[in-house]
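Open the model in a viewer and keep the selection tool at hand. The stops below are meant to be taken in order.

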Amino acid sequence: MKATYSASGQTLIFEENLCKGCDLCAHVCPKKILTLDKSRVNAKGYNPMTCFDIDKCIACGMCGIMCPDSVITVLKEEKAV
Amino acid sequence: MSKKVLMKGNEAMCLAAIMAGCKAYFGYPITPQNEIPEYMSQHMEESGGVFIQAESEIAAINMVYGAAAGGVRAMTSSSSPGIALKQEGISYLVGSDLPCVIVSVSRGGPGLGGILPSQADYFQSTRGGGNGDYYIPVYAPSSVQESVDLTIKSFEIADKYRTPVMVLVDGLLGQMMEPVEIKDYKPTLIEKPWATNGDSGRRKRNIVNSLSLNAEGLEETNLRRFEKYKEILKTEEMVENHVKDGDEMAIVAYGTPSRIVLNAIDILAEQGIKAGLIRPVTLWPFPYSTFANLPSSVKNILVCELSMGQMIEDVRQGVQGKHPIHFYGRTGGVIFSPEEIAKKAAEVAKGGA
Amino acid sequence: MSKVVYEKSRGLTDVPMFYCPGCTHGIIHKLVAETLVELDVLEKTIAIAPVGCSVLAYEYFNCDCIQASHGRAPAVASGLKRTNPDKIVFTYQGDGDLAAIGTSEIVHSAHRGDNVTVIFVNNAIYGMTGGQMAPTTLTDMKTSTSPFGRGTASSGIPIKVSEMLSQLPSVAYIERVSTHDVAHVRAAKKAIKKAFTYQMEGRGFTMVELLSSCNIGYGVSPVESLSFIKDAMIPYYPLGIYKDVS
């Protein structure tokens, strides 16, 4: 199940059912906009990671790099020159 | 075209391996098989193959595992304590259905034992020392010529059934020189679509693996392997049976000791005792049916081994109580003489043993 | 137009990894997979993973894979690479595997200068079997078989594999890197890329030691386990290049 968070310049896509709620992505996020959703569990039985403020996301990709389970895809809108 | 050459058993098996298209040899020095790594170090490269002197027998069999997984014909060799070390790798080769040839030149044991010829590794070869449900075909030549022929055959059988195959000789045969006829031979190499040779651009990726965490899955794999064994048991058994109707005794021996038995049989004939040799050539599959169908004239069976008696258990299983079974063996590297065997056989014939 | 800043590498399969939450094996798998794709060698690569947590690596790396017996992967790699010299061969080994049962095989693969790459994942513990002491377990560190802390009098002082192997003359490249933060993960990838590039150039034996974590084995959270790498492991296992023939 994909959870997509999108703002004007950046998109985060979480493959939620692969998430094991380890928190490493949130730990390295420079904007501190990721948090586990304690109100629900995914197919694996873990609280899935979510983004609560995509507007602040700078699409740096660090969450993706640190995620051991390849849950996260990070997209950035390229500005027309 | 063929040529006749005088060769030592150990070297002849190397020549045969190269003829059979062996492209990788990995070994470790141990007496009495050192001529094998020595020969291979000299000849593998010129035949387009690779030679590595490994740091241990364990490493050598695992190098075989790697080369075999990659799809090439691979071989290792060793002697008793070294074969013991290879058992982990042999079990993995079986578990991953990989073909290879293992030459075992056995010596006296247990432990470090001695370096003289012995057949005390019958159990090690036919029952395996590795873990799990498995068998491997074991060929036991009795002459240098036969060791050439069976080494070539071993590579074919290994590929055909995707299994390790062992050529088991005693130190005597390894060291003995005899004339050998080398016939022209071109190996027929079969396709190995399962090989992990880094060609996944052209096919789906391959996995060589013996792990199965699912019990039913592992059972299924084992059952499939035993279907293969059924086929081997049905078609690959080899035995030389000289017992004729009218013979009162069958003498059973394999490998070079069978030649000593033939001399003993001549001595017995002079004494009026008719005996015939049964020589299992494949130790697994063991020729059980030969023993179940002996002529009714056979009153006794004498099993002769250079051990305390190991093959005798298979003979018993084959005979199934139909004939009395006797044993004569020497162990620790001592080789029996024809006279010793004839003496024992005569006692048996008289009902004294 | 949106540009992909980060996505899962096609060097990995779609099989969900069975590693514990927060285990850095997943990160290291990604680095290797991304490297193989970027170097355009994935389709000619054979991965060899022996026994340990990474025993199921053959499920994850999207190339030919061999599962080897405990500690023996370097010997398997030797046999495979010598007979397939134009292919890329790497082993993926933990510290329980490489630094204990497999010391003979790793030393001699390095000694022969086999043209293979070793990905050595050092988390200072046996993870798969339940957190037992490894030769790499830090002094005084508690594990399930060192309940009072690793005593150096009985178990010796932790083995430094990169330092040891870099003494062997045939070795081409050895670097120790870490996975405890993004900057170090990026540096780790550079090292992995260099190792595989050296292999492609036929330079000989290459190894990257990656300091990794086992939060379950340490009994801490995944995030805390990263601090363990930084604060406890790196001071004893210094990062850096130990051998480079270039």
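This tour of a predicted model goes from a contact between two chains to the parts of one chain.

**Stop 1: chains A and C**

Select chains A and C together. Their contact takes in 26 residues of chain A and 25 residues of chain C. On the chain C side, colour β1 (2-6), α1 (25-38), α8 (182-200) and α10 (222-236), the elements that give two or more residues to the side touching chain A. Of these, β1(C) gives the most, with 5 residues. Colouring the chain C side by class shows 15 nonpolar, 5 polar and 5 charged residues.

Now add strand β5 of chain A, residues 72-77. This strand and β1(C) pair in the antiparallel sense, over 4 bridges. To find one end of a bridge, pick A:E77; the partner in β1(C) is C:S2.

**Stop 2: the two domains of chain B**

Hide the other chains and select chain B. Colour residues 2-190 and 210-235 as domain 1, and residues 240-349 as domain 2, following the domain assignment. Taken over C-alpha atoms, the centres of the two domains of chain B are 27 Å apart.

Where they meet, 26 residues of domain 1 are in contact with 22 residues of domain 2 in chain B. On the domain 1 side, the elements giving two or more residues are α5 (122-126), β6 (138-139), β7 (164-170), α7 (171-175) and α8 (215-235) of chain B. The largest share, 4 residues, comes from α5(B). By class, that domain 1 side divides into 17 nonpolar, 7 polar and 2 charged residues.

**Stop 3: the sheet in chain B**

Show the strands of chain B as ribbons and follow the order β3-β2-β4-β5-β7-β6-β13, an open sheet of 7 strands with mixed pairing. Which strands stand at the edges? They are β3 (50-53) and β13 (282-284) of chain B; each has a single partner strand, so one side of each is left without a neighbour in the sheet.

Within the sheet, select β5 of chain B, residues 100-106, which pairs with β7(B) in the parallel sense over 7 bridges. One place to look is B:I102, whose bridge partner in β7(B) is B:M166.

**Stop 4: helices across the sheet**

Add helix α1 of chain B, residues 9-19. This helix lies across β4 (74-78), β5 and β7 of chain B, and runs at about 175° to β5(B). Then add helix α3 of chain B, residues 57-69. Helix α3(B) lies across β2 (24-27), β3, β4 and β5 of chain B, running at about 165° to β4(B).

Note on methods:
Residues numbered from 1 in each chain as written. Chains lettered and ligands numbered in written order. Predicted model: local features only at pLDDT ≥ 70, side-chain atom pairs only at ≥ 80, totals over all residues. Contact = placed C-beta atoms within 7 Å. Nonpolar A, V, L, I, M, F, W, Y, C, P; charged D, E, K, R; others polar. Pairing = 2+ DSSP bridges. Domains from an automatic or database assignment. Axes fitted to C-alpha atoms, helices over the stretch in contact; angles between N-to-C directions.
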